[in-house]
Amino acid sequence: MTLPSTLPAVRLQPLDAATLQALIDQDLEAARAAAGGLPLPDDFLADTWLWTLRLGQMLGEPEQAPWLVRAVVGGSGPGAGCVVGHAGFHGAPDDRAMVEIGYRIVAAHRRHGYAQAAVAELLAYAREHGARVARASISPDNPRSLRIAARFGFIQVGEQVDEIDGRELVFERSL
């Protein structure tokens, strides 16, 4: 695994059901208040489909909540103190002890290492909480995420067609 010697510091702050509901309702101020004053970016309002999906998971299976969605808060670099994106898992580990990661860094904070830092934090959390395999599904048209997957030692194990994102390459790695 070839990672930069220094990644920016990030903190992954879990987002709760009240925050997700406010984002679904397009009420950014209420979402920020529900998230304890976290400065959620306007870009989060564009991800209604994700917030709706994750809120349904949280309400239907509350034990999944710690795995689902977190704000990526920059602790260093140009995004220090800002919410630079979101990251999480598609759910808790499955019967293979596998988790699938997902992340998005808002455009204004890309190319500063925050995605790599978020992936490193996700993998560490998964390992510490019993997952043994991590998966990432990436569009073949997303060279940045493909490079991140390679840097973290993910190996392509197949491909799939996602109903929202279209064709994706499927990568896995042991934890």
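In strand β7, the bridge partner of Q156 is F171. Elements of this kind are DSSP runs numbered from the N terminus, with helices (H or I) of at least four residues and strands (E) of at least two. The model is a predicted one, in which local features need pLDDT of at least 70 and side-chain atom pairs count only at pLDDT 80 or more, while totals for chains, interfaces and linings use all residues. Residues are numbered from 1 along each chain as its sequence is written, and side-chain values use heavy atoms, with hydrogens and water left out.

The pair Q156 and F171 has company. E159 has L169 as its bridge partner in β7, and seven bridges in total join β6 to β7 (residues 166–174), the two running antiparallel. Two strands pair if DSSP finds at least two bridges between them. The link from β6 to β7 is a hairpin of three residues.

It helps to step back to the whole sheet. This is an open sheet of seven strands with mixed pairing, in the order β1-β2-β3-β4-β5-β7-β6. At its edges stand β1 (10–14) and β6 (155–162), each of which pairs on one side only. On average, neighbouring strands of the sheet are turned by 30° against each other, direction ignored; axes here are lines fitted to C-alpha atoms, for helices over the stretch in contact, and angles run from 0 to 180 degrees between N-to-C directions.

Further along the sheet, β2 and β3 pair in the antiparallel sense over four bridges, and V72 stands opposite G85 in β3. Strand β3 is also joined to β4 by five bridges, again in an antiparallel arrangement, with F89 finding its bridge partner in I101 of β4. Seven of the seven residues of β3 are buried, so this strand is largely enclosed by the rest of the structure. Buried means under 20% relative accessible area, exposed means over 50%, and partly exposed lies in between (1.4 Å probe, protein chains only).

Strand β5 offers a closer view of one buried residue. A134 has its place in β5 and is buried, with a relative accessible area of 0%. Leaving out residues up to four places away in sequence, A134 touches V99, L123, F154, F171, E172, R173 and L175, where contact means heavy atoms within 4.5 Å. A134 and P93 are 41 residues apart in sequence, and their C-alpha atoms are 9.1 Å apart in space.

Helices meet the sheet too. Helix α5 (residues 114–128) lies across β1, β2 (70–74), β3 (83–89), β4 (98–105), β5 (133–138) and β7, and runs at about 155° to β4. Helix α6 (residues 143–151) packs on the sheet as well, touching β4, β5 and β7, and its direction makes about 160° with that of β5. The buried residues of α6 are S145, I148 and A149. Seen down the axis of α6, these residues fall within an arc of 100°, so they line one face of the helix; the arc is that of the directions from the helix axis to the C-beta atoms. They pack against β4, α5 and β5. Just after α6, G153 takes a positive phi of about 80°.

Positive phi values also turn up in residues other than glycine. Q26, in the loop between α1 (17–24) and α2 (28–34), has a phi near 65°, and at 41% relative accessibility Q26 counts as partly exposed. A97, in the loop between β3 and β4, has a positive phi of about 60°. A97 is buried, with a relative accessible area of 9%.

Another loop residue, P78, sits between β2 and β3 and is exposed, with a relative accessible area of 56%. Apart from neighbours within four places in sequence, P78 is in contact with H112 and Y114. P78 and Q156 are 78 residues apart in sequence and 32 Å apart in space, C-alpha to C-alpha.

Lastly, there is the pocket lining. The largest pocket is lined by 45 residues, of which G102, Y103, R104, N142 and S145 lie nearest its centre. A pocket is an open set of points on a 1 Å grid over the protein atoms alone, where a 1.4 Å probe fits, with protein on both sides within 12 Å along at least five of seven lines; lining residues have an atom within 4 Å of a point. The elements giving two or more residues to this lining are α3 (48–60), β3, β4, α5, β5, α6 and β6.
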